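This briefing walks through one protein chain and the ligand modelled with it, topic by topic. Please keep the sequence and the 3D view open while reading.

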Amino acid sequence: MEHLISNKSVLLLLIVTTSLLVDARPATFLQDFRITWSDSHIRQLDGGRTIQLILDRNSGCGFASKSKYLFGRVSMKIKLIPGDSAGTVTAFYMNSDTDQVRDELDFEFLGNRTGQPYSVQTNVYAHGKGDREQRVNLWFDPAADYHTYSIMWNHHHVVFSVDQIPIRVYKNNEAKGVPFPKFQPMGVYSTLWEADDWATRGGLEKINWSKAPFYAYYKDFDIEGCPVPGPSTCASNPSNWWEGSRFQQLDPVAASRYQWVRANHMVYDYCTDKHRYPNTPPECVA
Ligand SMILES: *[C@@H]1O[C@H](CO)[C@@H](O)[C@H](O)[C@H]1NC(C)=O
Ligand SMILES: *[C@@H]1O[C@H](CO)[C@@H](O)[C@H](O)[C@H]1NC(C)=O
C-alpha cells in the first residue's frame, strides 16, 4: 500500500522499533474489520482495499474494527454519495460500546440536495454525556474525490481533521470537572443509513428514493493505537508518538487553519446555542 513508500513509513519504523507494543501498520479491511450490518450491502473492491457501502430502500449497512483501541489516531479516505444525497447519513466514528458510560467520537456526513453543501457534524460523548454537536459545511465537494478524515486522541485532546485541517478540538478539561474519554477503549465504526427525519435542513428534505441505490466508498484504513486487549502498559506509555509534545496542542499552522474553519465554515456550535444551553457549558469557556 502507498503507506509503505511514504515518509510515514520512516516514522512507523521508528515507532515500531521504539515501542513494539503499539499497533502501527496500515489496517486492511479483511484483517482488521468485520461487517456489523447487512453483508449484502457491503462490497469489497480492488482486492478488499476499497469498500463500497450501499443504501437502498431495503437497508443501509455498517462495518466495525475487530479490536478496540485506547488512544492513537484513526484515519480513512472516504468518497461520499454524489448528486442528490439529501436525507442520507454516512458516519465514521469511535465508540466504547458501553451504554451507560459511553465514550464516542463522531463524524457524521449529512447529505444534501444536488449543489448544496454537505455538512459534517461532529459530536463527543464522554462518560455517557453527549449533546455536543458542531457542524461545518465542507469547502469542497466530498463526493468528487476521496478525502482523508481522521480522529487523533491522546491524554490532552481529541482532534477531528479533514485533509489534515482540524475542524474540531475537544480539550481535556478535567481540571474544570468536564469528563474526558480516557478509561475506555473504543472501536472504529462506519455506517451508511437513512435519516431523513433530521439530517438535511432539519428533516425538511427527504430522500429521493428514485436515485437509489446510494454508494459511499472507503479506502486507506489507517489505525495507529493501543489495541485492547493488548499490552496493558501501552496506553500510558509517554513515548507513543501521539503523546509527543508536537501533538499535545495544535501547532501554529494547524491552529490558524482551525481558526479559518471556525470563521468561515462553521454553521452550528452547541457552545453558542443559548436556546439549548442558557448557561455556556464549561468546556466552551476559553
Ligand atoms: C444543505 O443546504 C442548505 C442550503 O444551502 C444549508 O442551509 C444546509 O446547511 C445544508 N446542509 C444540511 C445538512 O442541511
Ligand atoms: C427525484 O428524482 C427524480 C429522478 O431523477 C426526479 O425526476 C425528481 O424530480 C426528484 N424529486 C425531487 C423531490 O427532487
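**A turn with a positive phi: D46**

D46 counts as exposed, because its C-beta atom has 9 C-beta neighbours inside 10 Å and a residue with 12 or fewer is placed in that class. The model in which this residue is seen is a predicted one, and the points below are grouped by topic, beginning with the hairpin around D46.

- D46 sits in the loop between β3, which covers 42–45, and β4, which covers 50–55.
- The two strands on either side of that loop, β3 and β4, pair in the antiparallel sense over 4 bridges, and within this pairing Q44 stands opposite I51 in β4.
- The hairpin of β3 and β4 has 4 residues between the strands, and it is here that D46 takes its positive phi near 55 degrees.
- Most residues other than glycine have a negative phi, and against that background the value for D46 is a positive one in a residue that is not glycine.

**A second positive phi: Q164**

- Q164, which is likewise not glycine, has a phi near 65 degrees, again a positive value.
- The place of Q164 is in the loop between β11 and β12, the latter strand covering 165–171.
- Is Q164 buried or exposed? Q164 is exposed, since 11 other C-beta atoms lie within 10 Å of its own and the limit for that class is 12 or fewer.

**The chain as a whole**

- The chain has 3 helices and 15 strands, and its radius of gyration is 19 Å, close to the 19 Å that the globule rule gives for 286 residues, so the chain is as compact as a globular protein of that length.
- Along the principal axes, the C-alpha trace of the chain spans about 55 × 50 × 40 Å.
- Of the 286 residues in the chain, 34% count as buried.
- Among the contacts in the chain with a separation of 6 or more, 70% are accounted for by residues 24 or more positions apart.

**Strands β5, β10 and β11**

- Strand β5, made of residues 61–79, runs antiparallel to strand β10, made of residues 147–153, and 7 bridges join the two; in this pairing the bridge partner of S75 is S150 in β10.
- Strand β10 also pairs with β11, residues 157–162, in the antiparallel sense over 5 bridges, and here the bridge partner of W153 is V158 in β11.
- A hairpin joins β10 to β11 through 3 residues.

**V228 and the cis peptide bonds**

- V228 lies in strand β14, which consists of residues 214–228, and V228 counts as partly exposed because 17 C-beta neighbours lie inside 10 Å, a number between the 12 or fewer of an exposed residue and the 20 or more of a buried one.
- Although V228 and K68 are 160 residues apart along the chain, their C-alpha atoms are separated by 5.3 Å.
- Leaving aside residues up to four places away in sequence, V228 touches S67, K68, Y69, L70 and P185.
- Most peptide bonds are trans, whereas the bond from V228 to P229 is cis, with omega near 5 degrees; P229 lies in the loop between β14 and α3, the helix covering 252–264.
- Another cis peptide bond joins A212 and P213, with omega about 0 degrees, and P213 lies in the loop between β13, which covers 186–194, and β14.

**Ligand 1 and N112**

- Which residues surround ligand 1? The residues around ligand 1 are L110, N112, Q116, P117, S119, N137, T200, R201 and V267.
- By class, the shell around ligand 1 has 3 nonpolar, 5 polar and 1 charged residues.
- N112, one of the residues in that shell, carries the feature "glycosylation site" in UniProt, where the entry is unreviewed.
- The place of N112 is in the loop between β7, covering 104–110, and β8, covering 119–125.
- N112 is buried, because 21 other C-beta atoms lie within 10 Å of its own and the class begins at 20.
- Not counting residues up to four places away in sequence, N112 touches S85, A86, P117, Y118 and T200.

Notes: Residues numbered from 1 in each chain as written. Chains lettered and ligands numbered in written order. Predicted model: local features only at pLDDT ≥ 70, side-chain atom pairs only at ≥ 80, totals over all residues. Near = placed C-beta within 6 Å. Nonpolar A, V, L, I, M, F, W, Y, C, P; charged D, E, K, R; others polar. Rg over C-alpha atoms; globule rule 2.2 N^0.38 Å. Contact = placed C-beta atoms within 7 Å. UniProt positions renumbered as here; feature names shortened; annotations may be inferred. Pairing = 2+ DSSP bridges.
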